[in-house]
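Grab a coffee and work through these exercises with the model open beside you. Each one sets a task and then walks through a solution.

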Amino acid sequence: MNRLFGAKSTGPKPTLAGAISNVDARIETIDVKLAKLNAELTTYQQRLAKMRDGPGKSAIKQKALKVLQQRKMYEGQRDQLQSQSWNMEQAGMMQDNLKNTMTTVDAMKTTTKELRKQYGKVNIDKIEKMQDEMADLMDIGNDIQESISRSYDVPEDVDEAELDAELEALGEEVELDGLGESEGMPSFMVDETRAPQFIDEPPEPANKVKEAAG
């Protein structure tokens with residue numbers, strides 16, 4: 001059985017990256033061979049351009065045809081290897097994307113478990129009750145502020161006509177108070193011996209009055 005199917009390999013399995021490296025190395029080897037064949041064809045072309053028709057020129061043409069056939073064969077192999085390398089690179093990218101996806105899924109699962117644990121500790125009813133209490137306290141605070149800021153003995157509605165009458169009355173009181181004042185002094189501080197303002201001539205001195213009496 002081992003002679004027909006071979007023994008089971010116990011060595012390490014080939015990796016995708018290793019396979020891509022091997023194919024790329026083979027492509028480089030073929031590129032070197034193609035460069036040599038192209039140089040050889042260039043030489044034949046130069047020699048054929050200088051030769052006349054004859055047996056010698058026909059022999060060189062035969063050599064050039066063989067080189068051209070070899071170049072086509074190597075070019076076909078290179079194209080196949082490049083296709084294989086590209087397919088393996090695509091497979092590698094798909095594998096990397098799958099690994100990244102699995103990592104993301106695992107992280108999301110772990111996060112979901114943690115969120116369930118955290119949300120399980122939260123009591124929605126207590127939060128709603130706390131919100132209601134806060135709303136009640138806010139209402140109480142607003143009532144207190146309104147009570148503190150309330151004005152005393154001030155009518156809420158003021159008639160403009162009434163306000164004008166009050167201002168006019170205050171003006172008349174100020175004018176009456178000003179009659180007993182002189183040069184900004186109150187009436188009780190004005191000198192009583194000074195003659196009233198309605199007399200045209202000032203009074204005579206006291207000594208002159210006595211002489212006239214004698």
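**Exercise 1. Compare the spans of helix 2 and helix 3 with their expected values.**

Step 1: Helix 2 has 35 residues and covers 52 Å from first C-alpha to last, close to the expected 51 Å. The expected span is 1.5 Å times one less than the number of residues, and helices here are DSSP runs of H or I with at least four residues, strands being E runs of at least two, numbered from the N terminus.

Step 2: Helix 3 has 66 residues and reaches 97 Å, close to the 98 Å expected.

Before going on, a word on ground rules. This is a predicted model, where local features need pLDDT of at least 70 and side-chain atom pairs count only at pLDDT 80 or more, while totals for chains, interfaces and linings use all residues. Residues are numbered from 1 along each chain as its sequence is written, and side-chain values use heavy atoms, with hydrogens and water left out.

**Exercise 2. Work out how far to trust each part of the chain, using pLDDT.**

Step 1: Start with the whole chain: the mean pLDDT (the predictor's confidence in each residue, from 0 to 100) is 78, and 71% of residues reach 70 or more.

Step 2: Now go by element. Helix 3 has the highest mean, 91, and helix 6 (residues 206-213) the lowest, 50. Where pLDDT is low, the predicted coordinates should not be read in detail.

Step 3: For context, the chain has six helices and zero strands.

**Exercise 3. Find which residues of helix 2 are buried and what they pack against.**

Step 1: List them. Buried (under 20% relative accessible area; exposed is over 50%, partly exposed in between, with a 1.4 Å probe and protein chains only) are Ile20, Val23, Ile27, Ile30, Leu34, Leu37, Leu41, Tyr44 and Leu48.

Step 2: Find the partner: these residues pack against helix 3. Looking from the other side, helix 2 is among what covers the buried residues of helix 3.

Step 3: Turn to the largest nonpolar core, meaning a set of buried Ala, Val, Leu, Ile, Met, Phe, Trp, Tyr and Cys residues joined through side-chain atoms within 4.5 Å. This core has 15 residues, and Val23, Ile30, Tyr44, Val67, Tyr74 and Leu81 touch the most other members. Helix 2 (16-50) and helix 3 each give two or more residues to this core, with the largest share, nine residues, coming from helix 2.

Step 4: Zoom in on Leu81. Beyond its neighbours within four places in sequence, Leu81 is in contact (heavy atoms within 4.5 Å) with Val23, Arg26, Ile27 and Ile30.

**Exercise 4. Decide whether Lys57 and Ser85 are buried or exposed, and find their polar partners.**

Step 1: Lys57 sits in helix 3 (residues 55-120). Lys57 counts as buried because its relative accessible area is 14%.

Step 2: The Lys57 side chain makes a polar contact of 3.1 Å with the side chain of Asp53. A polar contact is a pair of N or O atoms within 3.5 Å; within protein, one must be able to donate a hydrogen and the other to accept it, and residues adjacent in sequence count only if both atoms are side-chain atoms.

Step 3: Leaving out residues up to four places away in sequence, Lys57 touches Leu48, Met51 and Arg52.

Step 4: Ser85 is also found in helix 3, and is buried because its relative accessibility is 5%. Its side chain joins that of Asp24 through a polar contact of 3.0 Å.
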